[in-house]
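Here is a short set of exercises to work through with the sequence and the model side by side. Try each task on your own before reading the solution.

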Amino acid sequence: MQVTDEILLKAIEDKDEKAFSQFYERYSRTILCFVLSKVHHREAAKEIVQNFWVAFWENPRILRPNKNGNVKVFMLQYLRFRIYDMYRIAVPETIHVEETNIPSVVTADAGIEKKELMKIVRDALRNSSSLTQDAFWMRANNVSAKETAMKLNTTTQTVHNKFSHSLATIRKYIKKHYPELIKYSSTNITLFTFIAIICDFIRG
């Protein structure tokens, strides 16, 4: 019976080199192929992968196993955020969704990852008003602010305000519950990055 990722992670926390080697053999090809498929640049991909393995050895807790003890979904999500770090551009937090212009990282096999990310977003907005949630999901689905306002019987300014509030709520939730996913070096950049990821998944 194959040793689960969760067991290997616990051993790696104790600096078990054998466990690390086993984990590396299990996922090294998957990780390299995944990153290469997103950045299409071997040297950039190798740098991201190398940084991942160094970070993982120093702190295996950057990954979380699911209920089956598997970390693949979370690991690819973590790598996706690291890939987006390459496209950091300082922009206003009020940037409109249709103005985002970051390459898509959604693939046909990302169904499980999409489901988990959507759950994170829904959990983050769970205590928000129905108007706030509706405004967020409609704007995230690229419905114009004007059309959203008409359907929700409110003003476009309210739609913009509710959307911005939603993003701030999501950012705060991610920072508290999933700090390992995003490096908060810049509020604007990080928020822009997360907007793009959310919208990629929703539209995928």
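**Exercise 1.** Leaving aside its neighbours within four places in sequence, which residues is glutamine 133 in contact with?

*Solution.* Keep in mind that this is a predicted model.

Step 1: locate the residue. Glutamine 133 sits in helix H6.

Step 2: list the partners. With neighbours within four places set aside, glutamine 133 contacts Leu125, Arg126 and Ser128.

Step 3: look a little further back along the chain. Arginine 122 is eleven residues from glutamine 133 in sequence, and their C-alpha atoms are 8.7 Å apart.

Step 4: classify the accessibility. The relative accessible area of glutamine 133 is 24%. Buried requires under 20% and exposed over 50%, so glutamine 133 counts as partly exposed.

**Exercise 2.** Describe the overall make-up of the chain, then find its largest nonpolar core.

*Solution.* Step 1: count the elements. The chain has nine helices and zero strands, which gives the pattern α-α-α-α-α-α-α-α-α along the sequence.

Step 2: check burial and contacts. Of the 204 residues in the chain, 45% are buried. Among contacts with a separation of 6 or more, 67% join residues 24 or more positions apart.

Step 3: turn to the core. In soluble globular proteins, nonpolar side chains tend to be buried together. Here the largest nonpolar core has 42 residues, and Phe23, Val35, Phe52, Phe56 and Leu63 have the most contacts inside it. Two or more residues come from each of helix H1 (5-13), H2, helix H3 (42-58), helix H4 (72-85), helix H5 (111-124), helix H6 (130-140) and helix H8 (156-177). H2 gives the most, with eight residues.

**Exercise 3.** Valine 35 and leucine 36 follow one another in the sequence. Which residues does each touch, not counting residues up to four places away?

*Solution.* Step 1: take valine 35. Valine 35 touches His40, Ala45, Ile48, Val49, Leu79 and Ile83, and it is one of the residues with the most contacts inside the largest nonpolar core.

Step 2: take leucine 36, which is found in helix H2 (residues 17-39). Leucine 36 touches His41, Arg42 and Ala45. Ala45 therefore appears in both lists.

Step 3: add a distance. Isoleucine 48 is twelve residues from leucine 36 in sequence and 9.7 Å away, C-alpha to C-alpha.

Step 4: decide on accessibility. Leucine 36 has a relative accessible area of 21%. The cut-off for buried is under 20%, so leucine 36 is partly exposed.

**Exercise 4.** How do H6 and helix H7 pack, and which residues meet?

*Solution.* Step 1: describe the geometry. Two packed helices are described by the angle between their axes and the distance between the axes. For H6 and H7 (residues 145-152), the angle is about 145° and the axes are 10 Å apart. The crossing is right-handed.

Step 2: name the residues. From H6 come Leu131, Asp134, Ala135, Met138 and Arg139, which meet Ala145, Thr148, Lys151 and Leu152 of H7. By class, this contact has five nonpolar, one polar and three charged residues.

Step 3: find the buried residues of H7. These are Ala145, Thr148 and Ala149. Viewed down the axis of H7, they fall within an arc of 100°, so they line one face of the helix. Their cover includes H6 and H8.

Step 4: turn the helix around. The face of H7 turned away from the buried side carries the exposed residues Lys146, Met150 and Lys151.

**Exercise 5.** Where do lysine 15 and asparagine 153 lie, and what is the sign of phi in each?

*Solution.* Step 1: recall the background. Most residues other than glycine have a negative phi.

Step 2: examine lysine 15. Lysine 15 lies in the loop between H1 and H2, and its phi is positive, about 65°, although it is not a glycine. At 39% relative accessibility, lysine 15 is partly exposed.

Step 3: examine asparagine 153. Asparagine 153 is in the loop between H7 and H8, and its phi is also positive, near 55°. At 74% relative accessibility, asparagine 153 counts as exposed.

Step 4: look after H6. Asparagine 142 follows H6 and has a positive phi near 70°.

Definitions and conventions: Residues numbered from 1 in each chain as written. Predicted model: local features only at pLDDT ≥ 70, side-chain atom pairs only at ≥ 80, totals over all residues. Heavy atoms only, no water. Helix = DSSP H or I, 4+ residues; strand = E, 2+ residues; numbered from the N terminus. Buried < 20%, exposed > 50% of the residue type's maximum accessible area, 1.4 Å probe, protein only. Contact = heavy atoms within 4.5 Å. Core = buried A, V, L, I, M, F, W, Y, C linked by side-chain atoms within 4.5 Å. Axes fitted to C-alpha atoms, helices over the stretch in contact; angles between N-to-C directions. Left-handed = near helix turned anticlockwise from the far one by under 90°. Nonpolar A, V, L, I, M, F, W, Y, C, P; charged D, E, K, R; others polar. Arc of directions from axis to C-beta.
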